[in-house]
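Here are my notes on the model you sent over. Have it open while you read.

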Amino acid sequence: MKLSKVKTGVMAVIVGIFSIAMLLVAFLFNSNKPVNAFNSSSSINSNAVVVPQLWDESTQSFNSENFLTLLSYISSNGTVSGVNTTRQTATDIRGYTYGGKSNGQAVVVELGSYQWQVVYLTRTGDTTGDRIATLLMVNNDSTTHYGSSDTTANYGSSSFTSGYPTSMYGTSYIRAVTLNNGGKYVNIVGTSNPTTTTTASKSSSHKYALYTVESLGLTDYLVQPQNIWYQTQAQLLGSSNPSGYTLNNESLSTSISTGWYEDNSDSYSCQTKQYYTEWGDDYLWLPSLSEVGANDTDSGIWELSVTERASSSYSWTRSSNSSSAFRICMTSSSGSGWMSGNNYQNYGLRPALHLNLDNFYSITTDVDENIIATPSSTVYPLGSTEEATLVFSPQNLSVARINLSINGNPLIINANEESSRAFINYNNEYQYKCYRDGGDNVTLILKALTGDLNITATSTGVTASYTGGSGTIEMYETDSGTQMVLMRPVEGQYVNTLTIDGATITPTYYYADIIGAGNALKIRYTAKDTSNLFVLELEEVYDNINIVFNLATTRPTYEMPPNISGGVGIVGTVATATSGGEVRMVGNDIANGEDTDTVTFIALAYSGYRFVGWVNANDEDETFGTSTNISLTKEQVNGKVIKAVFEPVDTDSSTNDQTNNYDDFI
């Protein structure tokens, strides 16, 4: 359905004609209203599973049991991790049979004073970021006007280019005042677009205060449209909306250049107007026509059914009419169509919000179960019997972990996160989050979900020092969880021995594993004597580790470890290397007798070494040049061992094709 064009400077008489036509269409739409529409509690319960109240306003917290009930209907495993957030629409959710829900049932939750349907599951970044459940109010809460005036004499101009267009959602009365979002809005006087704005403040006594006022707690778990990927992109999902045109207010993007009314003319766009994107900061907002759709043929981004779209009256969207700046798109009460209404008329108010499931999961109180905390002397228990808050001062924050025993089961938590992230164990017994406070401490919060918990907690970490010389020590943890310790002695000093938890070890290879030393499953070292770098890799630290690098002025004589030494080969020849580098071969097997029988040898110097040249290992008088990359024929190499020769260099040597003075690990 496309709207007929409305020319700028429209007369009040024409407005009256529009109003009469709109009422006639409304009557026709209402005659098709289905009997099972979501417009009463009885019809809701007959078409959906209903999750009891999620929010306790007295404690400003979620009811964990009811939240787990919600997850049982939208998650494959009953936890947040099982929520499929790759654009799961209302159609997909109706098809779920998780938690005993029947195929075809919608999911409705009680949140605050209203019931809300879960209409979309996604992430803030489409496939990445926090998991988001978009909730649409089940029915119109009331009827209201879109603009600040409810008289037919005041509606503004049909122009999108003059003043503040009265259909612009960012400066609408319905957004700032009726939905209690606060901010700028326009007062509509007469038939000209306003040129000034008024500022509204949020009210803590407003009926929507819970969803908009930060001090009441719920907004901590809501996500604003400016952080939702599909509400910020210039190209909306799927096909065009039912109007057939690009509509103002659908997206927060201000760079949409196509699809506007009348040959893509930007005179029908107000996206460059001041405050156009004001609604991006809102927690409670009106959906767009592209999100809710119009009928089963064009069901919108959320893919609502006609029944789910239906309500007790026509419902406002935030989408402007394509050609007239004082008219706004609405969905019909039957859910099977749409039309436009004038900004001063009264129609249904049916907002939506984005619920952050990851944040929602992080705070779940209203639990009677008790936690018994038995921390070590380095842990300080705080909080109530419903949660344990433990504060640690690890030896080194960059490589710290928290070592827990919960009901006798071990758990190791990385403690070097700058911000909190909540996790829950596999059988929903408890949840925890661990975060740094910005200083030297790490805070761990645990909450029981289904039973008593007995907790023993200690901090683990790595301390490292040196003796017999001077240098610098760096410590960090890799993305894979390996803890790294880098010792850089000053020039002329070297690591001769290591003392790990009291056991002294003499490194003998450039690369090697140390098994059975220290409180880690494995310790690996890499020695670079000439570049004054010694690297320890610690895997799965399960208790505190103390490391001392014993320095001396004597340069160690390292060998390549057995599992790395040796040569590489192609049938007919072999290549090998001295200490300080390695060799690679590329070519056909000479024994196969192909015409292309050239073999390429590539020399690679380790940090602190340089490549000298190639020799025949059986007869070192025969040489093959000093280029790091050589190609030889089968006659030249058949039956020979080609050796790459390397030698140490000073730390101040420049790096080039032959010389490697870079650290391999930084």
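The points below go from the whole chain down to single residues.

1. First, a caution: this is a predicted model, so confidence comes before anything else. The mean pLDDT over the chain is 78, and 76% of the residues reach at least 70. Residues 373-385 fall below 50, yet the model still gives this stretch 33 contacts beyond near neighbours in sequence. Another such stretch is 562-569, where pLDDT stays under 50 and the model has 12 contacts beyond four places in sequence. I'd read the contacts of both stretches with those scores in mind.

2. Now the overall make-up. The chain has 666 residues, 54% of which count as buried. You'll find 11 helices and 43 strands in it. If you take contacts between residues at least 6 apart in sequence, 64% of them link residues at least 24 apart. As for the outside, the accessible surface is about 27,100 Å², with carbon and sulfur atoms making up 47% of that.

3. On to the largest nonpolar core, which has 64 residues. Which of its members touch the most others? Those are Leu70, Ile74, Leu111, Trp116, Val118, Tyr211 and Trp302. Strand 6 (residues 114-125) supplies the largest share of this core, with six residues.

4. Tyr211 deserves a closer look. Setting aside neighbours within four places in sequence, Tyr211 contacts Leu111, Gly112, Ser113, Tyr114 and Trp116, along with Leu218, Thr219 and Leu222. Its list also takes in Tyr283, Leu284 and Leu353. Two of these partners, Leu111 and Trp116, are also among the core members that touch the most others.

5. There is another core, apart from the largest one. It has 28 residues, including Met487, Ala520, Ala527 and Ile545.

6. Last, a sheet to trace on screen. Its four strands lie in the order 26-34-29-30, making an open sheet with mixed pairing. Why do strands 26 and 30 each have a side without a neighbour in the sheet? Strand 26 (462-467) and strand 30 (503-505) are at the edges and have a single partner strand each, so one side of each stays free of a sheet neighbour. On average, neighbouring strands here are turned by 25° against each other, ignoring direction.

7. Within that sheet, look at the pair at one end of the order. Strand 29 (residues 494-500) and strand 30 run antiparallel and are joined by three bridges. To find your place there, start from isoleucine 500, which sits opposite alanine 503 of strand 30.

Conventions:
Residues numbered from 1 in each chain as written. Predicted model: local features only at pLDDT ≥ 70, side-chain atom pairs only at ≥ 80, totals over all residues. Heavy atoms only, no water. Pairing = 2+ DSSP bridges. Helix = DSSP H or I, 4+ residues; strand = E, 2+ residues; numbered from the N terminus. Axes fitted to C-alpha atoms, helices over the stretch in contact; angles between N-to-C directions. Buried < 20%, exposed > 50% of the residue type's maximum accessible area, 1.4 Å probe, protein only. Contact = heavy atoms within 4.5 Å. Areas by Shrake-Rupley, 256 points an atom, 1.4 Å probe, with all protein chains shown as cover. pLDDT = per-residue confidence, 0-100. Core = buried A, V, L, I, M, F, W, Y, C linked by side-chain atoms within 4.5 Å.
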